[in-house]
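Me: I am new to this structure. Please take a close look at a single part of it and then work outward from there.

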Amino acid sequence: MAVFSSDIYDLMNATGINCVLDVGANIGQFGRFLRKEGFSGTLISFEPIASVYAELSRAIAKEPNWYCRRTALGDTDGNAEINISKNLVSSSFLRAKSWSIEIEEGIAEVERELVPLNRLETIWSELPLNTQNTSIMLKIDVQGFELRVLGGLGERVSEIKLVLLEASLVPVYDEEPKFEDVIRKLRETGLHPVWIGPGWGNNVTKQIFQCDIIFARRSLI
């Protein structure tokens, strides 16, 4: 999710989104994109890697209505070892497949780190949310761990109006869910695909390996 389309903000604006849960925030690239587009609502960014979180925290220290928390999100609570990639943005709990590293060496693992891991449902009450008037979009950029994040929502999944995630047409990581399984799981929770944007691919053959997808409640679209 390195390149962000203005279509994302247009859809957020059209559906009344005023809060974004930014999962896999890195140093806040997505949040800065939204602010540049004109989003003034609440941003809550989650980033587990200590050095990256420190940079994120410094970057948003004086930003109004933007909060951050050092944790990864999944379907369990505790700690887990994350594989830190050379480019940092491709870090994942899953191991990158060799073919993807051959195409993009920045995906390669350079070290590992034990990081905090939480279910969103567990920490929901601790988040700075105005539960009376909040319309939430969940943005997930977690390199193959998307369904784990969704699984950790529990009963709170009904409070999510839009989901933006990156899905792989060809598995980039070991044990990554299939593209069709991601679509099916979101549909089961009442969220349906309404927009698809191109993501990472082969610059020579033009094959797309990953794409960005927005899912929405039918009542919104």
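**Tyr-53 and its surroundings**

Reply: Leaving out residues up to four places away in sequence, Tyr-53 touches Glu-47, Cys-68, Arg-69 and Arg-70. The model is a predicted one. Tyr-53 itself belongs to helix 3, which runs over residues 50-59. Two of the residues that Tyr-53 touches, Cys-68 and Arg-69, have numbers that fall in strand 3, residues 66-69. A residue farther off gives a sense of scale: Glu-126 is 73 residues from Tyr-53 in sequence, and their C-alpha atoms are 19 Å apart.

Helix 3 and strand 3 are joined by a loop, and Asn-65 is found in that loop. The phi angle of Asn-65 is near 60 degrees, a positive value in a residue that is not glycine. Is Asn-65 buried or exposed? Neither word fits, because its relative accessibility is 30%, and Asn-65 therefore counts as partly exposed.

A similar description applies to Leu-88. Leu-88 lies in the loop between strand 5 and helix 4, and its phi is positive, at about 70 degrees, although Leu-88 is not a glycine. With a relative accessibility of 36%, Leu-88 counts as partly exposed.

The loop between strand 5 (78-85) and helix 4 (98-103) also holds Ser-92. Ser-92 counts as buried because its relative accessibility is 2%, under the 20% limit. A polar atom of the Ser-92 side chain lies 2.8 Å from the backbone oxygen of Gln-143. Beyond its neighbours within four places in sequence, Ser-92 is in contact with Ile-82, Asn-83, Val-142, Gln-143 and Tyr-173. Gln-143 thus appears both in this list and in the 2.8 Å pair.

Turning to strand 1, residues 19-23, one of its residues is Asp-22. Asp-22 is buried, because its relative accessible area is 0%. Which side chains make polar contacts with the side chain of Asp-22? One is that of Ser-45, at 3.2 Å, and another is that of Lys-139, at 2.7 Å. Not counting residues up to four places away in sequence, Asp-22 touches Phe-30, Gly-31, Ile-44, Ser-45, Phe-46 and Lys-139.

Phe-30 leads on to a pair of helices. Besides touching Asp-22, Phe-30 is one of the residues of helix 2 that meet helix 1. Helix 1 covers residues 6-14 and helix 2 residues 29-37; their axes come within 10 Å and cross at roughly 65 degrees. The two helices are therefore roughly perpendicular to each other, and helix 1 passes helix 2 in a right-handed crossing. On the helix 1 side, the contact is made by Ser-6, Ile-8, Tyr-9 and Met-12, and on the helix 2 side by Phe-30, Phe-33, Leu-34 and Glu-37. Of the residues in this contact, six are nonpolar, one is polar and one is charged.

A last stop is strand 10, residues 210-217, which contains Asp-212. Asp-212 has a relative accessible area of 2%, so Asp-212 is buried. The C-alpha atom of Asp-212 is 20 Å from that of Asp-174, and 38 residues separate the two along the chain.

Key: Residues numbered from 1 in each chain as written. Predicted model: local features only at pLDDT ≥ 70, side-chain atom pairs only at ≥ 80, totals over all residues. Heavy atoms only, no water. Helix = DSSP H or I, 4+ residues; strand = E, 2+ residues; numbered from the N terminus. Buried < 20%, exposed > 50% of the residue type's maximum accessible area, 1.4 Å probe, protein only. Polar contact = N/O pair within 3.5 Å; in protein donor to acceptor, adjacent residues only side chain to side chain. Contact = heavy atoms within 4.5 Å. Axes fitted to C-alpha atoms, helices over the stretch in contact; angles between N-to-C directions. Parallel < 35°, antiparallel > 145°, perpendicular 65-115°, else oblique. Left-handed = near helix turned anticlockwise from the far one by under 90°. Nonpolar A, V, L, I, M, F, W, Y, C, P; charged D, E, K, R; others polar.
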